[in-house]
Amino acid sequence: MYLTEEEREGLRTAGRFNASLMDFLRPHVVEGNSTDKLDKLALTYTRDHGHIPACLNYKGYPKTICTSVNEVVCHGIPNSTPLKSGDIVNVDITTIVNGWYGDQSETFLIGEVSPAARRLVQTTFDSLFIGIRALRPGCMVTDIGRAIQTFAAAAGYSVVREYQGHGIGRDFHQEPGIPHFPQPASNRDLLRPGTCFTIEPMLNVGTWETRLDKKDKWTVRTRDGALSAQFEHTILMLETGPEILTLTQDGPREGHRF
Ligand code: MF3
Ligand code: CO
Ligand code: CO
């Protein structure tokens with residue numbers, strides 16, 4: 001149940017590759033490019049390196065990555081619409097490297113975005129690190145959600161409740177669930193050294209409630225149509241504290257200003 005040193009190395013390698021894919025996509029996440037183009041680039045890069053796209057065909061999901069634009073909360077399906085100035089787009093990528101999963105996402109600002117969108121993205125990015133800095137070896141899963149919920153509410157945002165982070169390893173989604181609000185049911189889940197999981201807060205400008213697209217059964221939107229943003233890292237709890245496995249070379253680091 002708790003990961004050995006060898007297993008931890010497997011996850012480190014997977015996280016590092018997944019992060020390299022994010023850096024590969026980064027220069028292409030710009031005005032005029034479609035999310036389909038990003039999807040094709042991600043699939044080619046993954047296969048060229050001999051690895052496996054985790055989302056493609058996962059429970060019937062049709063693409064390699066998720067691209068969630070503006071009011072889309074998560075699981076947006078790449079399409080042929082060009083990204084336009086003012087959009088915010090979350091790019092969520094998951095790959096399998098030698099049987100181990102790496103999972104992460106970032107929200108990108110396209111061209112000139114409104115101050116309101118920039119502030120939401122900034123607060124969501126900061127909330128991920130607020131969650132990470134709440135981690136101690138053996139802490140409660142609830143410590144994460146309490147920290148994130150308090151921080152988001154102080155900024156005037158709601159936290160999505162219907163989608164959560166998750167344990168990760170040789171499976172995509174495993175125990176424990178990682179709610180981004182203080183869910184009492186998670187009090188008994190402890191993050192002991194050798195546990196690997198994601199933190200992936202979704203913050204909304206308006207209501208936390210969501211609505212699933214009736215036609216594609218994947219796209220999750222805010223119920224009120226207001227903006228939503230998300231960031232995600234895969235994290236390994238060590239005896240000494242958390243290790244972030246999906247840090248990029250070129251992306252925003254803790255403390256970054258958008
Ligand atoms: N990457 C998402 C997560 O963070 C899951 C996407 S599943 C998909 O858990 F099927 F929609 F791709
Ligand atoms: Co995830
Ligand atoms: Co993800």
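Student: Which residues form one aromatic cluster with F125?

Tutor: F129, F231 and F258 join F125 in one aromatic cluster. This is a predicted model: local features need pLDDT of at least 70, side-chain atom pairs need 80 or more, and totals for chains, interfaces and linings use all residues. Side-chain values use heavy atoms, without hydrogens and water, and residues are numbered from 1 along each chain.

Student: What makes F231 and F258 a tilted pair?

Tutor: Rings of Phe, Tyr and Trp (its six-membered ring) pair if their centres lie within 6.5 Å; planes under 30 degrees apart are stacked, over 60 edge-to-face, the rest tilted. The centres of F231 and F258 are 5.9 Å apart and the planes are at 50 degrees, so the pair is tilted.

Student: Why is F231 called buried or exposed?

Tutor: Buried means under 20% relative accessible area, exposed over 50%, partly exposed in between (1.4 Å probe, protein chains only). F231 has 1% relative accessibility, so F231 counts as buried. F258 has 24%, so F258 counts as partly exposed.

Student: What kind of aromatic pair do Y61 and W218 form?

Tutor: Edge-to-face: 5.0 Å centre to centre, with 85 degrees between the planes. Y61 lies in the loop between β1 and β2, W218 in the loop between β13 and β14, so the pair ties together parts 157 residues apart in sequence. Strands are DSSP runs (E, at least two residues), numbered from the N terminus.

Student: Where does R161 lie relative to F181?

Tutor: Over its face, at 3.9 Å from the ring centre. The definition asks for CZ of Arg or NZ of Lys within 6 Å of the ring centre and within 35 degrees of the ring normal. R161 also lies over the face of W208, at 5.4 Å.

Note on methods:
Chains are lettered from A and ligands numbered from 1 in the order in which they are written. Helices (H or I, at least four residues) and strands (E, at least two) are DSSP runs, numbered from the N terminus.
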